[in-house]
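Here is a short, informal walk through one protein model. Have the sequence and the 3D view open as you read.

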Amino acid sequence: MKLVTAAEMRQLEAAAIAAGSSEAQLMEEAGLAVAQESWMLLGTLEGRRILVLAGPGNNGGDGLVAARHLYDWGAEVAVYFPKGHRDASRLEELRAREIPLLMGDDDPDGRQLAAQLAAADLVIDALLGIGQRLPLDPADPIARALAALATTRSSYQPPKIVAVDVPTGLDCDTGAVDPLLVRPDITVTFGLPKVGMYQLPGSDAVGRVQVIDIGIPKDAVDAVPLELITSRWVRQHLPARPADANKGTFGRVLVVGGSNRYRGAVALAAAGAYRAGAGLVTIATLEDLARDLAAAIPEATWLPQPAGPDGSLSGEAAIALRAEWAAARAAVIGPGLSLTDDTRAFTWAALPDTADCAGGVVVDADALNALAAMDDAPARLHPRAILTPHPGEMARLLRTTVPEVQRDRLGAARAAADRFGCTVVLKGAHTVVAAPGGRAALCPFANPLLATAGSGDVLAGIIAGYLAQGADPFTAARLGVYLHAAVAEALEAEYGRAGLLAGEIAARLPRIVRDLTQS
């Protein structure tokens with residue numbers, strides 16, 4: 001499923017018109033869909049009272065089409081215009097049916113609006129569409145209408161709400177939400193869903209999203225560079241598991257990391273790779289860690305390394321491991337590394353050697369922080385690399401601030417992918433996966449169960465596991481991101497919103513994949 005910005009949606013609408021549609025036809029399709037979804041939400045229309053809050057533009061026009069259909073199907077319909085409307089022909093269609101048309105200019109104290117809202121079984125928010133700009137002006141008539149709707153929504157018997165295309169008060173590009181936004185039960189969006197519907201806080205403010213086809217040409221949709229990762233896509237791209245396979249079929253993953261402070265991270269990454277289906281995992285870590293962890297993950301093989309002066313892998317270890325990268329199909333570098341002078345020297349020396357991994361390498365944790373300080377960082381990465389920063393690490397990579405990253409997560413991920421010339425996974429709610437050139441994907445899930453120590457190590461291992469099985473970096477990253485988050489979604493009914501351990505994410509992964517492939 002593709003996602004679009006407001007500007008991209010306007011281009012798609014223009015493409016539909018160039019292909020033979022008209023603006024009036026697009027509005028008819030949109031308004032009919034809103035009416036149908038409203039009917040399904042109510043279950044029946046006979047005797048039901050519906051109030052359409054109509055803005056002055058095309059979003060309001062969609063609402064007028066919906067009002068006409070709902071009236072024709074038996075509902076009691078009224079339309080309230082906080083700021084009037086310019087489409088005279090559609091207004092005449094409603095007047096011909098004697099549908100009450102209430103103007104905000106004639107209701108200075110808002111009593112008519114309050115009475116209509118109190119009597120309504122359903123309210124259609126057709127005030128502002130994809131062109132709205134935040135923040136809303138509290139003195140604007142549209143803002144006053146939203147405030148009245150919020151008051152009614154908190155009443156003893158609140159009406160249901162259907163939003164037309166986007167809820168009023170949502171920035172459909174960033175997911176920013178105005179304080180006046182009233183969360184609908186359902187948002188009926190046209191053509192393609194909008195980016196802001198899958199970025200917090202917007203994703204919590206849209207209710208259920210119903211996407212309606214309004215005749216956008218397929219080739220125009222295919223050219224959209226942003227997609228939502230879906231279960232259907234994951235099923236289609238999971239690596240094959242032939243019956244005559246052996247462990248070599250599914251590749252070897254090399255996990256490199258660990259320090260005296262972060263002792264379990266390499267084991268978590270290795271477990272993630274194994275649970276994703278890798279045939280063999282080798283762990284290169286400090287000698288004492290290898291001894292301590294061997295019993296915790298006996299399936300792994302080990303490459304023990306002496307500790308440097310700072311208690312982590314040293315530059316000399318990078319030389320010792322030089323031949324090992326080519327022996328692995330995929331690798332993870334970074335889990336459990338402390339940010340020390342040893343780590344900086346090791347990461348600087350090791351990164352160019354990771355190009356010998358045929359499938360690619362996942363660069364995680366303090367390897368990212370070491371990378372961020374390198375003046376020649378892009379030159380030390382291969383295009384098959386996958387960077388997996390959280391917002392703090394991303395801020396260091398882009399030499400900006402966490403608030404700036406979070407303000408435009410999609411833009412930050414795309415900027416990093418272009419700067420470093422490789423796939424980037426910006427972790428967090430609705431994780432972003434970006435490739436150089438603007439192609440990107442969003443995870444549909446935002447679940448605090450994943451906000452636990454070691455969760456990122458498991459994700460790095462999962463992604464490497466799919467690299468080892470032959471997935472390209474952008475595909476492996478999307479598979480790992482979706483399935484890692486799907487574990488939390490599946491376990492929320494059992495755990496609630498807290499208490500999941502990182503090791504449990506890895507342990508549950510095969511069952512999630514099984515359920516997905518059998519659904």
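## A term to start with

A crossover counts as right-handed if, with the strands pointing away from you, the path from the first strand over the helix to the second runs clockwise. Keep that in mind for the β-α-β units below. One caution before we go on: this is a predicted model.

## The ten-strand sheet

Let's begin with an open sheet of 10 strands and mixed pairing. Reading across, the order is β8-β17-β16-β15-β14-β13-β12-β9-β10-β11. The edges belong to β8 (226-228) and β11 (301-305), each of which pairs on one side only. On average, and ignoring direction, neighbouring strands here are turned by 15 degrees against each other.

## Around β12

Zoom in on strand β12, residues 330-333, which runs parallel to strand β9 (residues 252-256) and is joined to β9 by four bridges. Across that seam, L254 sits opposite A331, and V256 has I333 as its bridge partner. β12 also runs parallel to strand β13 (residues 360-363), again with four bridges between the two. There, V332 of β12 is the bridge partner of V362 in β13.

Which way do the β12 side chains point, and are they buried or exposed? A330 and V332 point one way, A331 and I333 point the other, and all of them are buried. That fits a general pattern: in a regular strand the side chains alternate between the two faces of the sheet. As for the connection to the next strand, β12, helix α13 (residues 341-350) and β13 make a right-handed β-α-β unit.

## Around β2

Now move toward the start of the chain, to strand β2 (residues 76-81). Five of its six residues are buried, so β2 is largely enclosed by the rest of the structure.

β2 has a parallel partner in strand β1 (residues 49-54), with five bridges between them; in this pairing, L51 is matched with A78 of β2. β2 also runs parallel to strand β3 (residues 101-103), and three bridges join the two. F81 has M103 in β3 as its bridge partner.

Right-handed β-α-β units turn up here too. One is made by β1, α3 and β2, and another by β2, helix α4 (residues 88-96) and β3.

## The largest pocket

The largest pocket holds about 740 Å³ of space. Of its 35 lining residues, the closest to the centre are H390, K427, T452, S455 and G456. The elements that give two or more residues to this lining are α14 (366-372), α15 (391-398), α18 (455-468) and α19 (473-495).

Which element gives the most to the lining of the largest pocket? That's α18, with four residues. Sorted by class, this lining has 17 nonpolar, 13 polar and five charged residues.

## The second largest pocket

The second largest pocket has a volume of about 510 Å³. It is lined by 23 residues, and the closest to its centre are E13, N58, N59, D62 and I130. Here the elements giving two or more residues to the lining are α1 (6-18), α2 (23-42) and α3 (58-72). You've already met α3, as the helix of the unit with β1 and β2.

By class, the lining of this second pocket divides into 11 nonpolar, six polar and six charged residues.

How values were computed. Residues numbered from 1 in each chain as written. Predicted model: local features only at pLDDT ≥ 70, side-chain atom pairs only at ≥ 80, totals over all residues. Heavy atoms only, no water. Pairing = 2+ DSSP bridges. Axes fitted to C-alpha atoms, helices over the stretch in contact; angles between N-to-C directions. 1 Å grid on protein atoms, 1.4 Å probe; cavity = no way out; pocket = protein on both sides within 12 Å on 5 of 7 lines; lining within 4 Å. Points joined across faces, edges and corners; volume = space filled by probe spheres on them. Nonpolar A, V, L, I, M, F, W, Y, C, P; charged D, E, K, R; others polar. Buried < 20%, exposed > 50% of the residue type's maximum accessible area, 1.4 Å probe, protein only.
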